[in-house]
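Biologist: I'd like a close look at one part of this model, the largest pocket, and at whatever packs beside it. Please keep it chatty and tell me what your terms mean as you go.

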Amino acid sequence: MILIDGKKTSSEIKNEIATRVAEIKAEGGKTPHLAAVLVGNDGASQTYVGAKVKACEEVGFQSTLVRLESDISEAELLKVVEDINENPDIDGLIVQLPLPKHISVDKVTNKIKPEKDVDGFTPANVGRMTLNWPAYVAATPYGIVELLKRYNIETSGKHCVVIGRSHIVGSPMSILMARNGYPGNATVTLTHSKTQNLAEICRTADILIVAIGKPEFVTADMVKPGAVVIDVGIHRIEDPSKKSGFRLIGDVKFDEVAPLASAITPVPGGVGPMTIAALLYNTLQSAEKKVFG
Ligand code: NAD
């Protein structure tokens, strides 16, 4: 069984990005610049944005964190996005989710210029990805694709079962695995909350990608021996034996599934660490005008 190490892979990608940034700077080019907008004081959001800003520093990017009060109006937030859209020094723009209830996520997302949408959430980028055009692919699906590639996992002609159809993970993952390319060319079954006989379908998967958001949902009896298992789920559960008082588990019952799998991502240290690497990669692509030209 191969343990797919997302922590190691993400630090390799960060090193590659840092090397490229150093080259750009040595050639007298502009430093890639990511702007992150954070609305309100949600603890988890602050942690995520903080990690993104820190990662920018690590690879030599410039970053700007725009902090806004939680009672900001939708119109004011849209204006902030517009100003960043028009700022020629900024290559990438992310708006940390969730947003306060009085603000429409769809409206804000749609306001982001597709050329700066390094989260890959705008309709333009989702459409481009679906058409197999150059696109900013959302962080989690991008991270999974990169892990499959770097671990040389064969996908062509394989049966890939995706559990979960969220806009940020399951749906884009199903599109990427079915597209004509590598990784891709798989025969894909996208399953969701209305799917019948889920366990039976999962047992036919050569590649099982699990993004259901239910702790340890996938058990050994749902996995074909030799399958590649990608666990997207992250859940914090209490564990008094840990100093922190908790530990992280995934959507897959790792201990019983791992011995059956030919390759598997652990939680933590699998898909999770790849997301920031993906964001940095997209920002570099934007700075180098690689996606929209
Ligand atoms: P979500 O809640 O938006 O979507 C869950 C999906 O599971 C839905 O499409 C639903 O139809 C499907 N589902 C629910 N019950 C089902 C059932 N019984 N059978 C089949 N399908 C069922 O979740 P999400 O945002 O895609 O996230 C999924 C998990 O991944 C969560 O644990 C989340 O925390 C984690 N996540 C991790 C990362 C990362 O970087 N590792 C990124 C995003 C999400």
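Modeller: Start with helix H2, since H2 gives the largest share of the lining of the largest pocket, 9 residues. (Helices are DSSP runs of H or I with at least four residues, strands are E runs of at least two, and both are numbered from the N terminus.) Bear in mind that this is a predicted model, where local features need pLDDT of at least 70 and side-chain atom pairs need 80 or more, while totals for chains, interfaces and linings use all residues. Residues are numbered from 1 along each chain as its sequence is written, and side-chain values use heavy atoms, leaving out hydrogens and water.

The largest pocket has a volume of about 1,700 Å³. A pocket here is an open set of points on a 1 Å grid over the protein atoms alone where a 1.4 Å probe fits, with protein on both sides within 12 Å along at least five of seven lines; lining residues have an atom within 4 Å of a point. Points join across faces, edges and corners, and the volume is the space filled by probe spheres set on them.

In total, 48 residues line the largest pocket. If you want to find its centre on your screen, look for Tyr 48, Thr 140, Ile 234, Gly 272 and Thr 275, which lie nearest to it. Two or more lining residues come from each of H1 (6-26), H2, H6 (139-150) and H10 among the helices, and from S9 (235-238) and S10 (246-249) among the strands. Sorted by class, the lining has 25 nonpolar, 13 polar and 10 charged residues. (Nonpolar means Ala, Val, Leu, Ile, Met, Phe, Trp, Tyr, Cys and Pro; charged means Asp, Glu, Lys and Arg; the others, Gly among them, are polar.)

Now for how some of those lining helices sit against each other. H2 (residues 43-59) packs on H10 (residues 274-287) at an angle of about 60 degrees, their axes 10 Å apart. (Axes are lines fitted to C-alpha atoms over the stretch in contact, and angles run from 0 to 180 degrees between N-to-C directions.) That angle is why H2 counts as oblique to H10, a label for whatever isn't roughly parallel (under 35 degrees), roughly antiparallel (over 145) or roughly perpendicular (65 to 115). On the H2 side, the contact (heavy atoms within 4.5 Å) is made by Ala 51, Lys 52, Ala 55, Cys 56 and Val 59, and on the H10 side by Ile 276, Leu 279 and Leu 280. By class these contact residues split into 7 nonpolar, no polar and 1 charged. The crossing of H2 and H10 is right-handed, with the near helix turned clockwise from the far one by less than a right angle (anticlockwise would be left-handed).

H10 packs against H1 too, at about 20 degrees with the axes 9 Å apart. That makes H1 roughly parallel to H10. This crossing is left-handed. From H1 you'll find Gly 6, Thr 9, Ser 10, Ile 13, Lys 14, Ile 17, Arg 20, Val 21 and Ile 24 in the contact, meeting Met 274, Ala 277, Leu 280, Tyr 281 and Leu 284 of H10. The H1 and H10 contact comes out as 9 nonpolar, 3 polar and 2 charged residues. Leu 280 is worth clicking on: it touches H2, and it is also part of the contact with H1.
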